[in-house]
Amino acid sequence: VEQGIASQRMDRRQQDDNKVIANSAVKNALGERLRGSNATAGVKLIAGMAGGLAEACLLQPLDVAKTRLQLDKEKRYNGMFDCLRKVAKEEGAPALYKGLTPFVTHLTLKYALRFGLFEKIRVWMNGGSSGASSNKHNFLAGLAVGCIEATMIVTPFEVIKTRLQKQKGTENLKYKGPIDVVIKVTREEGLHRLWSGNTPTVIRQGSNQAFNFMSMQILNDKLWGKKQGDGKVLEVWKTLLNGLLAGAVGPMFNAPVDVIKTRMMAQTYVPGEPVKYQNWFQAGALIAKEEGPAALWKGIIPRLTRLAPGQAITWTVVMRVTALFEQYVLPPAEANGAPAPKSS
């Protein structure tokens with residue numbers, strides 16, 4: 001009897017340990033196990049939205065600084081901190097949160113789509129298996145979901161956000177808010193202009209997520225000896241570090257297309273008049289010619305300062321939200337990766 005009680009205590013203690021960070025489809029990108037139940041598919045969307053909301057509210061000023069620096073042809077701002085200081089001093093602290101509404105909306109929807117769709121694409125590439133994937137499959141699944149999210153969500157919301165963030169001052173502004181941007185851009189320039197800069201956005205998002213998901217798995221393996229499907233739970237600080245490093249890889253490579261995207265989204269289209277930036281390739285060549293090649297990396301510091309910790313925050317929030325659901329909603333057996341017992 002005593003041995004039986006001790007065994008039950010050991011089993012209960014092991015279950016508690018396993019529940020510290022429960023497995024989920026989301027964490028497959030981090031090397032966590034996937035046991036795809038119907039319930040966790042919806043939780044992935046909620047977790048992704050929570051991560052996007054946290055990132056947007058905490059790091060919005062850095063996005064404003066990035067946009068202002070990328071549009072700064074007169075070299076008015078001397079770096080990220082100078083930009084933040086001048087915007088706050090001349091326009092007030094709330095100006096650092098210009099474009100927050102479309103930023104929050106686009107991040108929450110984007111992460112919901114990203115974390116909800118990545119696993120489906122990865123499993124499909126795996127021949128229907130939810131087991132460990134190769135770096136190639138993680139890369140391609142991330143690339144696919146990045147391209148899809150760019151066209152469906154990111155581009156129109158980025159156009160709205162950029163138009164709001166480029167406005168200086170607090171009075172006599174052309175755009176009063178995100179809805180006003182949609183109305184005026186559609187009426188004055190045409191509905192299709194909400195997708196201005198879509199090509200560089202697709203390149204940026206696709207490459208970002210390709211490197212993001214692949215890098216997370218490589219970092220898990222090389223730094224901590226964790227492989228997909230091994231059930232090993234990483235401490236929060238390790239997840240934060242991995243997200244920080246993985247989130248910096250893509251932006252380092254695709255900084256030029258991000259500058260091109262911002263320039264194309266910010267320019268106003270007047271029917272019958274030529275625009276300065278006609279397509280993404282011509283825009284890149286023109287920026288380099290007029291302002292020097294270094295101009296294609298404008299805003300890289302605030303972008304890295306936002307994206308790298310932003311990914312760390314998002315991954316951590318996503319994992320915790322998913323873990324809470326699996327601990328308190330899913331049956332214990334299903335939360336630990338086994339199918340729930342059938343009732344007789």
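**Exercise 1. Place K98 and list its contacts.**

Task: In which loop is K98 found, is K98 buried or exposed, and which residues does K98 touch beyond four places in sequence?

Solution.
- Step 1. Find the loop. K98 is found between α3 and α4. The model used here is a predicted one.
- Step 2. Check the accessibility. The relative accessible area of K98 is 13%. Buried means under 20%, so K98 counts as buried.
- Step 3. List the contacts. Leaving out residues up to four places away, K98 touches Q60, V64, R68, E91, L164, Q165, Q167, K168 and G169.
- Step 4. Link to a helix. One of these contacts is E91, and E91 is among the buried residues of α3.

**Exercise 2. Describe α3 and what follows.**

Task: What span does helix α3 reach, which of its residues are buried, and what phi does G92 take?

Solution.
- Step 1. Take the ends. Helix α3 covers residues 80-91, twelve residues in total.
- Step 2. Compare the span. From first C-alpha to last, α3 reaches 16 Å, close to the 16 Å expected at 1.5 Å a residue.
- Step 3. Pick out the buried positions. They are M80, D82, C83, L84, V87 and E91.
- Step 4. Recall the helix geometry. With 3.6 residues a turn, residues three or four places apart in an α-helix point the same way.
- Step 5. Step past the end. G92 comes just after α3 and has a positive phi of about 95 degrees.
- Step 6. Go on to A93. This residue is found in the loop between α3 and α4. Its relative accessibility is 48%. Exposed needs over 50%, so A93 is classed as partly exposed.
- Step 7. Look across the chain. A93 and P61 are 32 residues apart along the chain, and their C-alpha atoms are separated by 9.4 Å.

**Exercise 3. Find positive phi outside glycine.**

Task: Where do K75 and N172 lie, and are K75 and N172 buried or exposed?

Solution.
- Step 1. Read phi for K75. The value is near 55 degrees, positive in a residue other than glycine.
- Step 2. Place K75. It lies in the loop between α2 and α3. At 68% relative accessibility, K75 is exposed.
- Step 3. Read phi for N172. Its phi is near 55 degrees, again a positive value in a residue other than glycine.
- Step 4. Place N172. The loop between α5 (135-165) and α6 (178-189) holds N172. Its relative accessibility is 77%, so N172 counts as exposed.

**Exercise 4. Examine two serines.**

Task: Which elements hold S196 and S215, and which residues do S196 and S215 contact beyond four places in sequence?

Solution.
- Step 1. Start with S196. It lies in the loop between α6 and α7. Its relative accessible area is 5%, so S196 is buried.
- Step 2. List its contacts. S196 touches T155, V159, M264, M265 and Y269, with residues up to four places away left out.
- Step 3. Add a distance. S196 and P156 are 40 residues apart in sequence, yet 7.8 Å apart in space, C-alpha to C-alpha.
- Step 4. Move to S215. Helix α7 (residues 198-224) contains S215. S215 has a relative accessible area of 10%, so it too is buried.
- Step 5. List the contacts of S215. With neighbours within four places set aside, S215 is in contact with A246 and V249.

**Exercise 5. Inspect the largest cavity.**

Task: How much space lies in the largest cavity, and which residues are closest to its centre?

Solution.
- Step 1. Count the cavities. The structure holds three of 30 Å³ or more.
- Step 2. Take the largest cavity. It has about 200 Å³ of space.
- Step 3. Go to its lining. Of the 21 lining residues, Q205, N208, Q209, L307 and Q311 are the closest to the centre.
- Step 4. Name the elements. Those giving two or more residues to this lining are α2 (38-70), α4 (100-125), α7, α8 (236-266) and α10 (300-328).
- Step 5. Sort by class. The lining has five nonpolar, eight polar and eight charged residues.

**Exercise 6. Describe the whole protein.**

Task: How many helices and strands does the protein have, and what percentage of its residues is buried?

Solution.
- Step 1. Count the elements. There are eleven helices and zero strands.
- Step 2. Take the burial. Of the 344 residues, 52% are buried.
- Step 3. Weigh the contacts. Among contacts between residues at least 6 apart in sequence, 75% join residues at least 24 apart.
- Step 4. Finish at the surface. The protein exposes about 15800 Å², and carbon and sulfur atoms supply 63% of that area.

Definitions and conventions:
Residues are numbered from 1 along each chain as its sequence is written. This is a predicted model: local features need pLDDT of at least 70, side-chain atom pairs count only at pLDDT 80 or more; totals for chains, interfaces and linings use all residues. Side-chain values use heavy atoms; hydrogens and water are left out. Helices (H or I, at least four residues) and strands (E, at least two) are DSSP runs, numbered from the N terminus. Buried means under 20% relative accessible area, exposed over 50%, partly exposed in between (1.4 Å probe, protein chains only). Contact means heavy atoms within 4.5 Å. Accessible areas come from the Shrake-Rupley method with a 1.4 Å probe; for residues, only the protein chains shown count as cover. The expected span of a helix is 1.5 Å times one less than its number of residues. On a 1 Å grid over the protein atoms alone, a cavity is a set of points where a 1.4 Å probe fits but cannot get out, and a pocket is an open set with protein on both sides within 12 Å along at least five of seven lines; lining residues have an atom within 4 Å of a point. Grid points are joined across faces, edges and corners, and a volume is the space filled by probe spheres set on the points. Ala, Val, Leu, Ile, Met, Phe, Trp, Tyr, Cys and Pro count as nonpolar, Asp, Glu, Lys and Arg as charged, and the others, Gly among them, as polar.
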